[in-house]
Amino acid sequence: MKFTELKNDISDGAKSIYLLEGDDAYFRMKGEEMIKSAFLQMPELNFSSFDGESLKGAQISALTSALESFPFMSEKRIIKVSGFYPTETEYETHLKKIFENFPASSILIIVNAETKKGVDLKRKHAVTYVDCNRADEETVAKWAYLTLKRAGITCSVDVCAMIAGYCLCNMSRVALEVEKLIDYKISGELTREEVEALVYKDADYRIYEMTNAVARRDYVRYCAVQSELVQKSGDEAAVLSGLFSYFKNSLTMLSASGNDAEVAKLLKMKEYGVKKGREQARAIGEENLKKFVAYVYSAVSDIKTGRTSPKNALQNVNNYLFFYGTRK
């Protein structure tokens, strides 16, 4: 199930094993909090946690022993294990028996930031899988909209989508920015201008904004975003490196076969980022991307060999992207 479905699922009663797995730390943290809030009493006596790295081979018996212990004056005992990636052999030897005959008085929460090689826990008996991967823009914008609404602040869906975009749909970032906006606004309608001024824009988002301006042929916007990036970092070479990486990844996304999820795994990116990147790459065009990658790479090389300064190299790249590189 998706993280957004967990609240309703909890209302139907406790499950034996929850696997909270995904790259969004906010979802993993909130998922654990929701389960503990619903079913845990006297945590000082009925809650234990383990580091999955320490549970190898026979050491897994410490976990199974904790699960078999009865709660103290409560219906449930909750055991949490973080970063737990047992092998198939470890599962068959140490976990299968308790997973298939799970103690009714215990709940196991497994919190994994990523999927690693080993047994596929989400397919095992009694495991309830909660997808804690980064959500898409629509889901994040909806969360921001509802959170602001509960705080007495009205906000359009488009403005909420701006918040999601500026934070690259990272819920930990979104939650902090929405909290900041609530403290600032208190009540009333949150405007686009206020979000633009108050929400910190991820550096990767700024690079995305720049390349998006290239696709739209918006030189004024491109220069404005670039000026802010250079001012904050004081490093034109870092901006060039960001441009090179983005154009290179965009070209790969455009030319690679497979769906967004498969390409995201190949590039070690988020699926949402690949989806947006492919949209932008199509707007720029494959032939232009090939020329951009070659030219920006050459500019970065010239800086490293001392042939030009970072400032001049960046200015040359700007001219190429808008006035020379896209000529047929």
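Biologist: In which helix is the place of Val159?
Modeller: This is a predicted model, in which local features need pLDDT of at least 70, side-chain atom pairs count only at pLDDT 80 or more, and totals for chains, interfaces and linings use all residues. Residues are numbered from 1 along each chain as its sequence is written, and side-chain values use heavy atoms, with hydrogens and water left out. Helices (H or I, at least four residues) and strands (E, at least two) are DSSP runs, numbered from the N terminus. By that numbering, Val159 sits in helix α7.

Biologist: Is Val159 buried or exposed?
Modeller: A residue is buried under 20% relative accessible area, exposed over 50%, and partly exposed in between (1.4 Å probe, protein chains only). The relative accessible area of Val159 is 5%, so Val159 counts as buried.

Biologist: Which residues does Val159 touch, not counting residues up to four places away in sequence?
Modeller: A contact means heavy atoms within 4.5 Å. With sequence neighbours up to four places away left out, Val159 touches Leu190, Thr191, Arg192 and Val195.

Biologist: What span does helix α6 reach from its first C-alpha to its last?
Modeller: The expected span of a helix is 1.5 Å times one less than its number of residues. Helix α6 covers residues 137-150, which is 14 residues. The expected value is 20 Å, and the span in the model is close to that, at 20 Å.

Biologist: Which residues of α6 are buried, and how wide an arc do they cover around the axis?
Modeller: The buried residues of α6 are Val140, Ala141, Ala144, Thr147 and Leu148. They lie on the same side of α6, because the arc they cover around the axis is narrow enough to put them there. An α-helix has 3.6 residues a turn, so residues three or four places apart point the same way. The arc, taken from the directions from the helix axis to the C-beta atoms, is only 130°.

Biologist: What do the buried residues of α6 pack against?
Modeller: The other side of α6 holds exposed residues, namely Glu138, Lys142, Lys149 and Arg150. The buried residues pack against β6 (153-154), α7 (157-166) and α8 (171-185).

Biologist: Which element gives the most to the lining of the largest pocket?
Modeller: On a 1 Å grid over the protein atoms alone, a pocket is an open set of points with protein on both sides within 12 Å along at least five of seven lines, whereas a cavity is a set where a 1.4 Å probe fits but cannot get out; lining residues have an atom within 4 Å of a point. Of the 40 residues lining the largest pocket, the closest to its centre are Lys2, Asp131, Asn133, Arg134 and Ala135. The elements that each supply at least two lining residues include α1 (6-11), α2 (25-39) and β5 (127-131). The most, six residues, comes from α6.

Biologist: How many residues of the lining of the largest pocket are charged?
Modeller: Ala, Val, Leu, Ile, Met, Phe, Trp, Tyr, Cys and Pro count as nonpolar, Asp, Glu, Lys and Arg as charged, and the others, Gly among them, as polar. The lining has 15 nonpolar and six polar residues, and the number of charged ones is 19.

Biologist: What is the volume of the second largest pocket?
Modeller: Grid points are joined across faces, edges and corners, and a volume is the space filled by probe spheres set on the points. By this reckoning the largest pocket holds about 1600 Å³. The second largest has about 880 Å³.

Biologist: Which helix gives the most to the lining of the second largest pocket?
Modeller: Of the 38 residues that line the second largest pocket, the closest to its centre are Leu168, Asp204, Tyr205, Tyr208 and Tyr246. Helices that each supply at least two lining residues include α7, α10 (203-216) and α11 (219-233). With seven residues, the most comes from α12.

Biologist: What is phi of Met73 near?
Modeller: Most residues other than glycine have a negative phi, and most peptide bonds are trans. Met73, in the loop between α4 and β3, is exposed, with a relative accessible area of 66%. Its phi is positive, near 50°.

Biologist: What percentage of the residues of the protein count as buried?
Modeller: The protein has 16 helices and seven strands. Among its 328 residues, the buried share is 43%.
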